[in-house]
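Student: Hey, can you walk me through this protein? I'm new to this, so plain words please.

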Amino acid sequence: MTDREPHRAGPRPPHGGPGRRAAVIVVLTLALICGAVAAGYLWSFGARADRIRAAHQHQVVATTTGPAREQAALARSGVESPALAPAVWEYPDGVSRSGTVEVPARTPQGRTVTVSVDDKGAPVRPIDGTSGRLLTSVAGGTATAAAVAATGTGALVLLRRRIDGRTLAALEREWEQVEPVWSGRLRRESGPDGGPGKDDA
């Protein structure tokens with residue numbers, strides 16, 4: 001009969017458990033807070049910029065001098081968008097100006113349209129308003145939250161690997177001391193009388 005050493009795997013790296021879950025929750029919470037702060041800042045910044053632009057924008061009535069032409073890039077995408085048409089208008093009072101302005105698609109020649117101009121009378125893009133500001137805020141907040149979450153998760157992974165590596169090395173050293181006694185290998189190797197031992201046949 002041959003003695004058999006009990007099979008026991010060596011030390012395993014520790015599992016994360018509640019501590020890891022708590023760290024992930026903290027990172028996600030921080031990401032959401034940063035995203036909300038970024039979205040709020042972008043909303044406030046956009047509102048302030050819109051107020052400044054609105055103070056220097058003026059609505060005037062222009063008359064198209066030619067048919068509207070669709071913008072090529074947007075037309076290929078299939079998106080309904082404003083077209084461009086030559087037009088004339090007066091701003092400031094008594095000063096006649098001309099140029100290309102955005103008009104609804106398929107606007108014919110001789111149609112009156114309302115356009116936005118700056119203090120000098122040059123056409124400018126209208127303010128996007130609440131919808132555009134909301135889109136910018138949400139997009140910026142989401143991007144910030146994603147960046148913080150990715151950075152925090154990466155830091156947690158690196159920290160966990162470093163801690164697990166140190167813990168595993170310590171367990172390996174302890175296992176090397178405990179395993180010969182626990183498995184009986186030390187007794188078999190020394191023999192009953194203190195001399196060299198051997199397995200029973």
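Tutor: Let's go through the overall layout, a pocket, some charged pairs and a few odd backbone spots.

Tutor: This is a predicted model, where local features need pLDDT of at least 70, side-chain atom pairs count only at pLDDT 80 or more, and totals for chains, interfaces and linings use all residues. Residues are numbered from 1 along each chain as its sequence is written, and side-chain values use heavy atoms, with hydrogens and water left out.

Student: Cool. How many helices and strands are there in the protein?

Tutor: Four helices and four strands. Those are DSSP runs numbered from the N terminus: helices are H or I with at least four residues, strands are E with at least two. Along the sequence the order goes α-β-α-β-β-β-α-α.

Student: And what share of the residues is buried?

Tutor: Of the 201 residues, 22% are buried. Buried means under 20% relative accessible area, exposed means over 50%, and partly exposed is in between, using a 1.4 Å probe and protein chains only.

Student: Switching topic: how much space lies in the largest pocket?

Tutor: About 250 Å³. A pocket here is found on a 1 Å grid over the protein atoms alone: it's an open set of points where a 1.4 Å probe fits, with protein on both sides within 12 Å along at least five of seven lines, and lining residues have an atom within 4 Å of a point. The volume is the space filled by probe spheres set on the points, which are joined across faces, edges and corners.

Student: Which residues lie nearest its centre?

Tutor: R20, V24, L156, V157 and R160, out of 14 lining residues. Helix α3 (129–183) is one of the elements that supply at least two lining residues, and α1 (17–54) is another. The most comes from α3, with eight residues.

Student: What classes of residue are in that lining?

Tutor: Eight nonpolar, two polar and four charged. Ala, Val, Leu, Ile, Met, Phe, Trp, Tyr, Cys and Pro count as nonpolar, Asp, Glu, Lys and Arg as charged, and the others, Gly among them, as polar.

Student: Okay, charges. How many salt bridges does the count come to?

Tutor: Two. The rule is a side-chain nitrogen of Lys or Arg within 4 Å of a carboxyl oxygen of Asp or Glu. In one, the side chains of D50 and R133 meet at 2.6 Å, N to O. D50 is in helix α1 and R133 in helix α3, so this pair ties together parts that are 83 residues apart in sequence.

Student: Are those two buried or exposed?

Tutor: D50 counts as buried, at 15% relative accessibility, and R133 also counts as buried, at 15%.

Student: What about the pair with E102?

Tutor: E102 meets R125 at 3.3 Å, N to O. E102 is in strand β3 (residues 96–103) and R125 in the loop between β4 (112–117) and α3, 23 residues apart. E102 counts as partly exposed at 30% relative accessibility, while R125 counts as exposed at 55%.

Student: Last one: where's the cis peptide bond?

Tutor: From Y91 to P92, with omega near -10°. P92 sits in the loop between β2 (83–90) and β3. Most peptide bonds are trans, and most residues other than glycine have a negative phi. R106 has a positive phi of about 65° although it is not a glycine. R106 lies in the loop between β3 and β4 and counts as exposed, at 65% relative accessibility.
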